[in-house]
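Work through the exercises below with the model open, and try each task before reading its solution.

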Amino acid sequence: MKNMGGVYFKCLQILAVNNKFLEGWAGPAEMTVFNQIPTETIDVSQHIDVSAFSHYGTEPFATGSFAQAYKGRLKTGETVAIKILRPSISNHLDQDLRYLRRLAGLFTKFIVSPIVNYQDVIDEFCKTCVLETDYSREIANMEYFHKFYQGHPLVVIPKAYRSLSSSNVIVQDFIDGPTFADVLSATVNQPATEIAKRMTGSDLWSQLAVAGGEALRMAMQANYVFGDPHPGNIKLLPNNKIAFIDFGIIANKPISQAAFRDWVKAYRNILDGSGGLHKLIETTLMCFSPDFATALNNCSFDAAQPVLSVLAEAVTSKFDNMKDDRAVRDLADNGHFFRLLTEVLDGGNALNVRLDMSGFQLLKAMQSFLGSLTVLDDRETRDKFASAMLAAMNYALSYAEAYGVKNDMPTKSRFSLGESYELLLETFSSLAESDQFIFERVSGRMLI
């Protein structure tokens with residue numbers, strides 16, 4: 001896939017931040033998919049208005065799966081990055097996506113679908129690839145986030161020069177400094193934290209708390225979420241600052257920003273010891289599958305305890321019953337509670353839950369960052385993930401408390417009352433087939 005370049009590299013980048021994909025062989029070499037992509041020959045002068053530049057480089061200082069970046073200086077004095085779409089992408093994207101669809105379609109025949117439909121995921125990936133070549137859209141994204149972060153003490157967003165850009169070129173501020181991928185790929189004989197300290201003078205874990213915290217805050221307070229926070233798109237700067245530098249992929253805000261805030265709070269409360277898994281299960285379903293959650297709560301068997309709460313109690317009981325399993329215990333001890341839920345729920349199949357694409361986009365963006373954090377933690381400490389997540393969540397929740405979150409909790413479902421009961425019966429049936437433990441505890445409460 002590396003040799004084939006372009007969209008295949010983009011696919012590899014998504015896989016490479018999945019810790020399960022990297023398990024057993026991940027090392028510095030695997031991180032090169034973010035910062036050491038083969039170059040193509042591009043005549044920069046054919047893509048820019050040379051009259052606006054006092055100087056521009058002819059060799060790229062950075063290469064991405066879809067573009068190459070060149071350094072330049074405007075006659076007005078600004079140092080800029082010139083991002084040019086690769087000719088191979090312009091010429092072969094449609095054909096490459098057809099090949100990738102066939103390959104992915106073959107794999108899906110041998111993989112049991114978890115909480116998302118794999119064909120939907122493939123379609124979403126292909127759609128995202130096409131959108132990433134739409135530079136007018138990317139410029140608009142950059143302008144939105146540049147305004148959103150104006151004056152922020154720790155986050156830098158490059159300014160786009162719209163008048164100097166085109167359908168296959170973006171001219172933006174040049175942000176000097178290593179990316180997180182540069183640091184990860186350099187960790188052969190020295191820890192990443194020491195490399196980052198030497199390069200920037202900053203504390204890497206503090207910077208990652210800002211990156212993760214801002215990803216969470218965007219989902220609570222912005223219209224869009226930075227959709228591709230992989231290691232090559234996060235610049236590490238002095239004074240514990242960071243910069244997000246690529247806006248070709250964004251995710252929509254959650255269906256309910258208030259539900260997302262409650263989910264983050266439930267996760268944080270487990271990490272700091274003030275809450276339990278029961279609340280996290282309820283808020284996870286309400287945040288990422290609100291139609292499913294509200295539909296089940298419409299099925300009232302016990303006014304004092306909604307169906308969703310009964311399900312959450314049953315799943316929590318199963319987790320308590322699995323604590324002797326070393327893998328489950330390690331996930332809990334290290335703060336990997338989202339992975340823990342999928343483990344306890346048989347990959348999500350037990351409840352017959354399906355995420356819509358809005359929830360999937362958001363989770364994909366989060367996975368891109370969390371996978372990087374996990375790779376760093378597994379390689380260097382094996383004890384920092386939970387504390388880094390706690391710091392990021394406290395960071396985001398402090399903004400939510402200070403500036404508020406839209407009051408948009410879901411109260412209605414697209415399912416009618418009759419359809420809600422049908423959905424509940426389907427859930428019972430799925431539990432009966434795939435998880436007898438949870439089924440017995442739920443049915444014992446519901447079918448009295």
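**Exercise 1.** Find which helices and strands each supply at least two residues of the lining of the second largest pocket, and then describe that lining.

*Solution.* In this predicted model, begin with the helices, where H1 (6–16) and H5 (135–148) each supply at least two residues of the lining of the second largest pocket. Turn next to the strands, among which S2 (62–63), S3 (67–74), S4 (79–85) and S6 (169–173) also supply at least two residues each. Of the elements, S3 gives the most to this lining, with three residues. The space in the second largest pocket comes to about 600 Å³, and its lining is made up of 31 residues, of which Ala-62, Ala-69, Gly-232, Asn-233 and Ile-245 lie nearest the centre. Sorting the lining of the second largest pocket by character gives 11 nonpolar, 11 polar and nine charged residues.

**Exercise 2.** Locate His-230 and decide whether it counts as buried or exposed.

*Solution.* First trace the chain from strand S7 (224–226) to strand S8 (234–236), since the loop between these strands is where His-230 lies. Then consider its relative accessibility, which is 5%; because buried means under 20%, His-230 counts as buried. Finally, follow the side chain of His-230, which reaches the backbone nitrogen of Gly-232 at 2.9 Å.

**Exercise 3.** Describe the second largest cavity by its space, its lining residues and the character of those residues.

*Solution.* The structure holds four cavities of 30 Å³ or more, and the second largest cavity has about 100 Å³ of space. Helix H8 (204–221), helix H15 (357–380) and helix H16 (385–403) are the elements that give two or more residues to its lining. Residues lining the second largest cavity include Gly-212, Leu-216, Trp-263, Phe-369 and Met-389. By character, the lining of the second largest cavity has nine nonpolar residues, one polar residue and no charged residue.

**Exercise 4.** Which residues have the most contacts inside the largest nonpolar core, and what surrounds Leu-204?

*Solution.* The largest nonpolar core has 111 residues, and those with the most contacts inside it are Val-7, Leu-204, Phe-244, Phe-260, Trp-263, Leu-280 and Phe-337. Helix H16 gives the most to this core, with 10 residues. Once its neighbours within four places in sequence are left aside, Leu-204 is in contact with Phe-180, Val-183, Ala-192, Thr-193, Ala-196, Leu-236 and Leu-376. A second core, separate from the largest, has 14 residues, including Ala-52, Ile-82, Val-169 and Val-171. As background, nonpolar side chains in soluble globular proteins tend to be buried together.

Conventions. Residues numbered from 1 in each chain as written. Predicted model: local features only at pLDDT ≥ 70, side-chain atom pairs only at ≥ 80, totals over all residues. Heavy atoms only, no water. 1 Å grid on protein atoms, 1.4 Å probe; cavity = no way out; pocket = protein on both sides within 12 Å on 5 of 7 lines; lining within 4 Å. Points joined across faces, edges and corners; volume = space filled by probe spheres on them. Helix = DSSP H or I, 4+ residues; strand = E, 2+ residues; numbered from the N terminus. Nonpolar A, V, L, I, M, F, W, Y, C, P; charged D, E, K, R; others polar. Core = buried A, V, L, I, M, F, W, Y, C linked by side-chain atoms within 4.5 Å. Buried < 20%, exposed > 50% of the residue type's maximum accessible area, 1.4 Å probe, protein only. Contact = heavy atoms within 4.5 Å. Polar contact = N/O pair within 3.5 Å; in protein donor to acceptor, adjacent residues only side chain to side chain.
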